[in-house]
Amino acid sequence: MVLQRDAKTKVWGWAAPSEKVSLKFNNKQYSTTADKAGNWTILLPPQVAGGPHEMVFSASNAVTVKDILFGDVWICSGQSNMELPMARVSDKYAEIIAKADNPHIRQFEVQDKYNFKGPNKDLQAGQWISVNAKDIYKFSAVAYFFANDLYTKYKIPIGLINSALGGSPAEAWISKTALKSFPAQYQEAQKFKDDNLIAQIEESNRQVNNSWHTLLNQTDAGVKQKWSGAVLNDADWSQMNIPGYWADDKLGAVNGSVWFRKEVNVPKTLMGKPAKLLLGRIVDADSVFINGVFVGTTSYQYPPRKYPLQNNIIKEGKNIIAVRVISQSGKGGFVPDKPYKLVLGQDSLDLTGLWKYKLGAKMEPVPGQTTVRWKPTGLFNAMIAPLLNYSIKGVVWYQGESNTDNPGNYTNLMKTLIQDWRTRWNQGNFPFIMVQLANFMETSDKPTESNWATLRQAQLNTLAVPNTGLAVAIDAGEWNDIHPLNKQTIGKRLALQAMNLAYNDKKVIPSGPIFKSVKREDNKLIISFAHTGSGLVALGNKELKYFAISGEDKKFVWAKAEIKGNQVFVWQEGIANPVTVRYAWADNPEGANLYNTAQLPASPFEASIKSK
């Protein structure tokens with residue numbers, strides 16, 4: 001484990017009521033007495049970073065805890081982009097993983113739990129792991145890169161408490177008391193104290209899913225007629241280009257199951273080599289067969305499809321790949337701009353292009369369901385409250401995607417969450433560092449409204465809370481993946497913020513340009529920034545992109561922009577009295593290129609001059 005070094009380290013536990021508890025540590029003896037409920041706490045003085053150390057606890061029995069480090073402990077919370085493990089990015093960072101060996105970076109993963117009745121006192125289970133060849137794959141990728149940069153610079157042990165849950169909105173991480181300022185969410189939290197309601201919802205969800213998939217399997221012609229087989233007369237099947245979505249082809253927007261088949265010829269020179277099948281990402285679920293042999297399945301849309309193949313599956317000459325794709329709602333198919341290939345050793349065969357396809361069964365979309373574990377307060381009670389006795393250095397937070405449906409109240413949610421956590425940890429205004437939403441979804445060739453941009457602005461506004469930081473990520477995302485693989489860039493930017501906020505390292509430029517103020521001169525808006533470093537730059541020495549302006553009518557048009565010193569001048573002929581300016585205001589502002597000389601991107605923003 002890792003204990004916080006530079007605060008009074010709190011060691012706590014439970015014993016028999018009024019029982020005496022002693023701790024032997026570093027040749028010193030500490031003692032206390034459990035209260036009437038059996039709770040006890042011992043405070044240690046600040047410690048020098050390092051270890052390993054050993055502690056012996058004695059009461060009615062003795063317990064020895066070994067391999068304890070003192071260093072800096074960070075809570076790593078949020079949703080799936082914080083959860084996403086190194087295993088998921090292992091291809092991208094294969095060299096880094098191969099060399100990863102550092103017992104001074106450790107992670108404790110909090111189990112995914114919820115509780116709506118009240119805060120849990122303790123966690124049910126868990127263990128600390130360190131960076132080594134086996135366990136590196138379990139680390140949060142963002143948190144690992146964050147910790148690695150801090151350790152590389154300061155040589156202080158880093159403890160990561162990974163308490164995150166995919167799909168979770170911010171309100172799930174706020175205590176009941178703090179949530180009272182959000183009446184709708186508070187009332188919803190009260191409803192879910194009812195175990196019967198939760199049981200009914202979960203049973204309904206199960207029945208809906210089971211009924212839908214049972215009917216699909218019963219009516220799927222491909223299942224009945226074994227379209228997965230190596231031998232099949234598919235001469236009458238339609239063809240479409242893969243990757244792509246069948247809603248954009250002549251089949252149209254249908255849900256259910258669609259089968260795909262492709263013939264692949266493997267030359268003799270590639271036989272006998274380790275093989276794997278890469279099928280990018282598929283919406284929503286898939287089952288894959290090669291030459292009639294089942295090779296893998298994935299039940300939901302987000303994971304990359306990587307299927308290792310046994311040696312005897314691929315044959316010299318003709319091979320048949322069959323894929324059953326299940327679409328539960330929306331557009332089903334193969335996500336573009338992902339790898340689709342049969343890998344054989346160091347070589348690969350391209351699988352993009354024409355595939356044959358045929359509808360297996362048409363279904364109505366799966367009815368909407370309620371995800372209980374995302375409801376307000378549940379995750380705070382089960383995954384944060386048990387940690388409140390643990391002394392920490394600060395928090396890194398990667399979340400927001402699940403609040404984009406209603407971005408208007410996100411600033412207030414985050415201000416409440418930060419204050420709530422700081423109050424309950426009772427360690428003052430510890431650093432709270434957020435990741436701004438990455439670029440995602442398709443680009444637009446004209447100024448547009450965007451919930452993702454609005455939420456980024458809400459995240460930017462949260463910097464009004466003291467001792468907070470923002471890692472900008474609009475150049476680190478993927479248009480076709482809500483879980484971008486470039487976690488190293490995000491981790492590094494979080495670490496820069498930590499160096500500035502937590503380690504008071506004033507030599508570090510912690511951020512790209514952050515909007516500070518705007519004024520108007522004639523027909524131009526003049527924007528000033530903080531965190532300009534040695535100056536503003538247009539990345540690639542090109543024209544500044546993604547600035548838009550409007551008058552009072554809020555009709556935005558692309559604008560010309562020019563850097564002058566540490567300011568940007570923005571204008572457009574035809575708008576004599578510009579009022580509002582936006583930068584990188586889009587779901588995916590690909591090509592936005594305002595940076596500082598430290599090569600850190602400017603945060604997107606919207607700003608208006610005050611009306612006279």
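How many cavities of 30 Å³ or more does the structure hold? In this predicted model, there are four cavities that reach that volume, and the largest cavity encloses about 80 Å³ of space. Its lining draws on the run Leu270, Met271, Gly272, Lys273, Pro274 and Ala275, together with Leu309, Gln310, Asn311, Ile314 and Leu344. When these lining residues are sorted by class, seven are nonpolar, three are polar and one is charged.

The protein chain that surrounds these spaces contains eleven helices and 36 strands. Its radius of gyration is 27 Å, which is close to the 25 Å given by the globule rule for 612 residues, so the chain is as compact as a globular protein of that length. Taken along the principal axes, the C-alpha atoms fill a box of roughly 80 × 75 × 55 Å. Of the 612 residues, 54% are buried, and the chain exposes about 27,200 Å², of which 48% is supplied by carbon and sulfur atoms. Among contacts between residues at least 6 apart in sequence, 76% join residues that are at least 24 apart.

One residue of helix 6, which spans residues 195–219, is Ser211. With a relative accessible area of 48%, Ser211 is partly exposed, because values between 20% and 50% fall in that class. The C-alpha atom of Ser211 is separated by 56 Å from that of Tyr154, although the two residues are 57 residues apart along the chain.

Backbone geometry was also examined. Most residues other than glycine have a negative phi, and most peptide bonds are trans. Against this background, the peptide bond from Gly51 to Pro52 is cis, with omega near 10°, and Pro52 is placed in strand 6, residues 50–58. A cis peptide bond also joins Ile242 and Pro243, with omega about 10°; here Pro243 belongs to the loop between strand 11 (238–242) and strand 12 (244–245).

Positive phi values are found at two asparagines, Asn26 and Asn426. Asn26, which has a phi of about 50°, sits in the loop between strand 3 (20–25) and strand 4 (28–33), and its relative accessibility of 45% makes it partly exposed. Asn426 has a phi of about 55° and occupies the loop that runs between helix 9 (410–425) and strand 25 (432–435). At 67% relative accessibility, Asn426 counts as exposed, because its value is over 50%.

How values were computed. Residues numbered from 1 in each chain as written. Predicted model: local features only at pLDDT ≥ 70, side-chain atom pairs only at ≥ 80, totals over all residues. Heavy atoms only, no water. 1 Å grid on protein atoms, 1.4 Å probe; cavity = no way out; pocket = protein on both sides within 12 Å on 5 of 7 lines; lining within 4 Å. Points joined across faces, edges and corners; volume = space filled by probe spheres on them. Nonpolar A, V, L, I, M, F, W, Y, C, P; charged D, E, K, R; others polar. Helix = DSSP H or I, 4+ residues; strand = E, 2+ residues; numbered from the N terminus. Rg over C-alpha atoms; globule rule 2.2 N^0.38 Å. Buried < 20%, exposed > 50% of the residue type's maximum accessible area, 1.4 Å probe, protein only. Contact = heavy atoms within 4.5 Å. Areas by Shrake-Rupley, 256 points an atom, 1.4 Å probe, with all protein chains shown as cover.
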